[in-house]
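Trainee: I am new to this structure. Can we go through one residue, then the spaces inside the protein?

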Amino acid sequence: MNYTVITGASSGIGLEAALAFASRGKNLILVARRKENLEKLKSEIAFINPNLDVVIRTTDLSITENAYKLYENLHDFQIETWINNAGFGNFDSVTEQNLSKIEAMLHLNIESLTILTSLYVRDYSNAEGTQLINVSSGGGYTIVANAITYCATKFYVSAFTEGLAHELKSTGANMQVKVLAPAATETEFAKRSFDLDEFQYEGVVPKFHTSKQMAGFMLDLYDSDKVVGIVDGYTYEFKLRDPIFNYAVRTTK
C-alpha cells in the first residue's frame, strides 16, 4: 500500500492538499503539531472516501531532531509521494526581528526540510512513480521588503529543490522532484508572520488565492513533467516551468 506524506497538514495549503490527494484515492500520512486539527481532517477524509487509510503523526518540525524521529517512525510505510509543506514566515526588519522566532523558522523551513528530503531521496530516488514536492514561495524567487530572512529561507528551498531535480535527472533516477511557489494565499501564514490573533485577507490583500486553489495548482504540478509551479506575483497566474535558477555543471579536464 502506497502513501502520500504531507507535513503542515493541519491547516491552509497542507489541509487542502490532503483533501485534494484524497480525492485522487491516495492513502495519506498527515503530519502537524495540532492533533485535534488532524483528527478533524481525518474524519472529513473518511466521509469523502472511507476506504482510504489516513495515518496521523503529531510533531513539531521546528525542532530539528524531530525530523529524524518522524522519518524513522514511518519506516514501515511505502511512501509514493512526500510533500514538505510545513513552514512559516516573518515580517520584520532584520534589525527588529525576534531571533527566537527566526531560529525556529530556520530550523523548520531549511533544516527539517533538508533532512526529510535527503532521507526520502536516499531511500526512494530509484522507485518508480515517486515524487517529492517542496513548498517554497514567490518570496523564494523575489526578495520582499521586511521579509528578507523569510525570503532567504525560501530562496534556499527553491535552489535546493531545483538543484536536486537537476542532480537526480543527471543520474537517471526515477523520482520527480518539484517546487511549488505560491504568492499570497489565504492561510494562517499572515497571522503567524505578523504575530496576530486574526488576519482577514479580504479587503486587505489586493490579490490572493485560497488554499483550495493552491492545492489545485499543486495537483497540476504533480501531474506535469515540469519542475517549478509558480504563481506570477503581478498577474497571479499559475505557471508550470522548467528550473529557473542557473545550474553550473562541474567539468574536469
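Trainee: In which strand is the place of Leu180?

Mentor: Keep in mind that this is a predicted model. Look along residues 176-181, a stretch that forms one strand and takes in Leu180. That strand is β6.

Trainee: Is Leu180 buried or exposed?

Mentor: Buried means under 20% relative accessible area. Leu180 has a value of 0%, so this residue is buried.

Trainee: Which residues is Leu180 in contact with, leaving aside its neighbours within four places in sequence?

Mentor: Some partners sit at 133 to 137 in the numbering: Ile133, Asn134, Val135, Ser136 and Ser137. The others in contact with Leu180 are Met214, Phe217, Met218, Leu221, Gly229 and Phe238.

Trainee: Which element gives the largest share of the lining of the second largest pocket?

Mentor: That pocket holds about 310 Å³ of space. Its lining has 15 residues, and Ala165, Lys169, Val177, Asp225 and Val227 lie nearest the centre. Both β6 and α5 (148-171) supply at least two lining residues. The largest share, 5 residues, comes from α5.

Trainee: How many charged residues are in the lining of the second largest pocket?

Mentor: Sort the lining by class. There are 7 nonpolar and 3 polar residues. The charged residues number 5.

Trainee: Which helix gives the most to the lining of the largest cavity?

Mentor: The largest cavity has a volume of about 50 Å³. Its lining includes Leu108, Ser112, Leu113 and Leu116. By class, the lining has 5 nonpolar, 3 polar and no charged residues. The helix that gives the most, with 4 residues, spans residues 99-124 and is α4.

Terms used. Residues are numbered from 1 along each chain as its sequence is written. This is a predicted model: local features need pLDDT of at least 70, side-chain atom pairs count only at pLDDT 80 or more; totals for chains, interfaces and linings use all residues. Side-chain values use heavy atoms; hydrogens and water are left out. Buried means under 20% relative accessible area, exposed over 50%, partly exposed in between (1.4 Å probe, protein chains only). Contact means heavy atoms within 4.5 Å. On a 1 Å grid over the protein atoms alone, a cavity is a set of points where a 1.4 Å probe fits but cannot get out, and a pocket is an open set with protein on both sides within 12 Å along at least five of seven lines; lining residues have an atom within 4 Å of a point. Grid points are joined across faces, edges and corners, and a volume is the space filled by probe spheres set on the points. Ala, Val, Leu, Ile, Met, Phe, Trp, Tyr, Cys and Pro count as nonpolar, Asp, Glu, Lys and Arg as charged, and the others, Gly among them, as polar.
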